[in-house]
Amino acid sequence: MRRPYRIAVLASGRGSNLQAILDAIAQGSLDAVVAGVFSDKADAPALAKGRESGAVTASLSPRAFASRADYDESLFRLVDDVHPDLIVCAGYMRLVSEREVAARNGKMLNIHPSLLPAFKGLRTHQQALDAGVSWHGASVHFVSPELDGGPVIAQARVPVLPGDNADRLAQRVLEREHPLLLASLRLLAAGRIDLAGSQVRFDGRALHLPLQLDPDQRLVEQETTP
Ligand code: GAR
């Protein structure tokens, strides 16, 4: 029998993306198992959600380590112990050191609340409002050493509406983040998405533009203009 696809989740906070993964697995719409949940915050609600699901959980305080490299070495030793096929940063608010990222090229994802490459870093919803864009959204990308700069797999677009503030916009983006992450994970678990160097491949072909989440929560290819 095929071994289930093993996901390790790194999360610093609320854990709604983790919960979406756990719910999809429980409902049978994602063929995977959350093998471990890891955090830099001992009191992160995400850790409690992981614990409840029966996953291995651990938190490590960055304060207990002399450097980011030392911290990451210890953290990723714990992560490796659960033998993940994929590591998902779902609201993990720390930079990961280059060495650990490089050792896991194509095996680590991040979900980021903007249409990358726009609005990297923090307070992305306010950044979008300040820039006056009409479309905002979320991206799922492979993690590279550059902050929020790795190859993008898929995006969900969300219109900016008159009267939006950062909280309202964040809420509407979050509602699309969950199906975006789940649809991406289904493709990864099925082996339909992979990374060759820094090139995302979809069904073995180079993907030149990120997949887009359609209104039916499916990921579709974007037309490339000739
Ligand atoms: C999500 O909006 C995620 O995109 C964002 O943090 C939130 C976590 O929510 N991630 C980042 O900003 C990473 N740079 P959650 O804990 O409820 O999943």
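Student: In which hand does helix 1 pass helix 6?

Tutor: The hand of a crossing is read from how the near helix is turned against the far one. In this predicted model, helix 1 passes helix 6 in a right-handed crossing.

Student: Thanks! At roughly what angle do the axes of helix 1 and helix 6 cross?

Tutor: Helix 1 spans residues 16-27 and helix 6 spans residues 166-189; their axes come within 10 Å and cross at roughly 50°. Because angles under 35 degrees count as roughly parallel and 65 to 115 as roughly perpendicular, helix 1 is oblique to helix 6.

Student: And which residues of the two helices make the contact?

Tutor: From helix 1, look for Ser16, Asn17, Ala20, Ile21 and Ala24. Helix 6 brings Leu174, Glu177, His178, Leu181, Leu182, Leu185 and Arg186.

Student: Let's move on to the loop before helix 1. Where is Gly13 found?

Tutor: Gly13 sits in the loop between strand 1 (5-10) and helix 1. With a relative accessible area of 23%, Gly13 is partly exposed, since buried means under 20%.

Student: What does Gly13 contact, leaving aside its neighbours within four places in sequence?

Tutor: Setting those neighbours aside helps you see what the fold brings together. Gly13 is in contact with Ala44, Pro45, Ala46 and Gly91. Take Pro45: 32 residues separate it from Gly13 along the chain, yet their C-alpha atoms are 5.9 Å apart.

Student: Now the annotation. Which residues does the UniProt "binding site" cover?

Tutor: An annotation comes from a record, and it may be inferred rather than shown by experiment. Here the unreviewed UniProt entry lists Arg68, Met93, Arg94, Leu95, Val96 and Asn110. Of these, Met93, Arg94, Leu95, Val96 and Asn110 are included in the lining of the largest pocket.

Student: Let me compare two of the annotated residues. Is Arg68 buried, partly exposed or exposed?

Tutor: Arg68, found in helix 3 (residues 68-81), has a relative accessible area of 36%, so it is partly exposed. Not counting residues up to four places away in sequence, Arg68 touches Arg94, Leu95 and Ser97. Arg94 and Leu95 also appear in the UniProt annotation.

Student: And is Asn110 buried or exposed?

Tutor: Asn110 is buried, as its relative accessible area is 11%. You will find Asn110 in strand 5, which covers residues 108-112.

Student: What does Asn110 touch, again without residues up to four places away in sequence?

Tutor: Asn110 touches Cys89, Ser139, Val140, His141, Val143 and Asp148. Try selecting that group in the viewer.

Notes
Residues are numbered from 1 along each chain as its sequence is written. This is a predicted model: local features need pLDDT of at least 70, side-chain atom pairs count only at pLDDT 80 or more; totals for chains, interfaces and linings use all residues. Side-chain values use heavy atoms; hydrogens and water are left out. On a 1 Å grid over the protein atoms alone, a cavity is a set of points where a 1.4 Å probe fits but cannot get out, and a pocket is an open set with protein on both sides within 12 Å along at least five of seven lines; lining residues have an atom within 4 Å of a point. Helices (H or I, at least four residues) and strands (E, at least two) are DSSP runs, numbered from the N terminus. Buried means under 20% relative accessible area, exposed over 50%, partly exposed in between (1.4 Å probe, protein chains only). Contact means heavy atoms within 4.5 Å. Axes are lines fitted to C-alpha atoms, for helices over the stretch in contact, and angles run from 0 to 180 degrees between N-to-C directions. Angles under 35 degrees count as roughly parallel, over 145 as roughly antiparallel, 65 to 115 as roughly perpendicular and the rest as oblique.
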